[in-house]
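Biologist: Could you take me through one part of this predicted model up close? I'd like to start with one loop and then see what else is worth a look.

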Amino acid sequence: MTAQSNWKADLAHSRIRFNIAHLMISEVSGHFSEFDVQAVANEEFSEPEFVVEIKPRSIDTNNEKRDAHLRSDDFFHVEIYPSITFKSISFEKTGKKTFKLRGDLTMHGTTKSVILEGRLNGIITDAKSEKLTARLKLTGTLVRRDFGIGSKSFTIGDEVDISINLEMEQQ
């Protein structure tokens, strides 16, 4: 096994997206444009340890009125809770390129354990930077009301599907 090193998300090639049911017949999609993802892993990117910070004020659902409402105290209350954080606590290899990542997600002042399904798409040496670059995808589902986000509503679903595409560069 090779030595552990620090990795950082290339924000130009990484996205944190979500989908939630709307009126129980359609979905609203969105993303967060301000976030930081760091990891400690070896050159094979096995058993990585992640630390993530997301700024919920950067939420974008392609509707400014809805986004302003999501930033308000009805939902994310970004004035009081300016960050969403995730810190991984365990890594389980489930296949040649797949894994489960368990971690503590803190949002809206509440911390819950969540599990993300992961896939390591590959590792290359970037021709420009000459640094190792790992490409990963993480997916999962969380229940927004478990974190005190929004009230009981029949217009929006409780489950939020998240999809995180990461390009991590070894530092």
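Modeller: Start at asparagine 62, which sits in the loop between β6 (59-60) and α1 (64-71). Its backbone stands out a bit: phi is positive, about 70°, although the residue is not a glycine. As for the side of things you'd check next, asparagine 62 has a relative accessible area of 75%, so it is exposed.

Go past α1 and there's another one like that. Histidine 77, in the loop between α1 and β7 (84-93), also isn't a glycine, yet has a positive phi of about 45°. Its relative accessibility is 24%, and because the partly exposed class runs from 20% to 50%, histidine 77 counts as partly exposed.

Now for the pocket. The largest one has a volume of about 770 Å³. It is lined by 40 residues, and those closest to its centre are Phe18, Phe32, Ile59, Phe76 and Val160. By type, the lining splits into 28 nonpolar, 8 polar and 4 charged residues. If you're wondering which element gives the largest share of that lining, it's β2, with 6 residues.

Two of those central names turn up again once you look at ring pairs. The whole structure has 5 aromatic pairs. In one of them, phenylalanine 18 and phenylalanine 32 have ring centres 5.6 Å apart and planes at 45°, so the pair is tilted; for that label the angle must be neither under 30 degrees nor over 60. Phenylalanine 18 belongs to strand β2 (residues 15-22) and phenylalanine 32 to strand β3 (residues 26-32), so the pair ties together parts 14 residues apart in sequence. Both of these phenylalanines are buried. Elsewhere in the sequence list, Trp7, Phe45 and Phe50 make up one aromatic cluster.

One more stop, at valine 143 in strand β10 (residues 132-143). With 29% relative accessibility, valine 143 counts as partly exposed. Setting aside neighbours within four places in sequence, valine 143 is in contact with Asp158 and Glu159. Take aspartate 161 as well: its C-alpha atom is 8.9 Å from that of valine 143, with the two positions 18 residues apart along the chain counted as their separation.

Terms used:
Residues numbered from 1 in each chain as written. Predicted model: local features only at pLDDT ≥ 70, side-chain atom pairs only at ≥ 80, totals over all residues. Heavy atoms only, no water. Phe/Tyr/Trp six-rings, centres within 6.5 Å; stacked < 30°, edge-to-face > 60°. Helix = DSSP H or I, 4+ residues; strand = E, 2+ residues; numbered from the N terminus. Buried < 20%, exposed > 50% of the residue type's maximum accessible area, 1.4 Å probe, protein only. Contact = heavy atoms within 4.5 Å. 1 Å grid on protein atoms, 1.4 Å probe; cavity = no way out; pocket = protein on both sides within 12 Å on 5 of 7 lines; lining within 4 Å. Points joined across faces, edges and corners; volume = space filled by probe spheres on them. Nonpolar A, V, L, I, M, F, W, Y, C, P; charged D, E, K, R; others polar.
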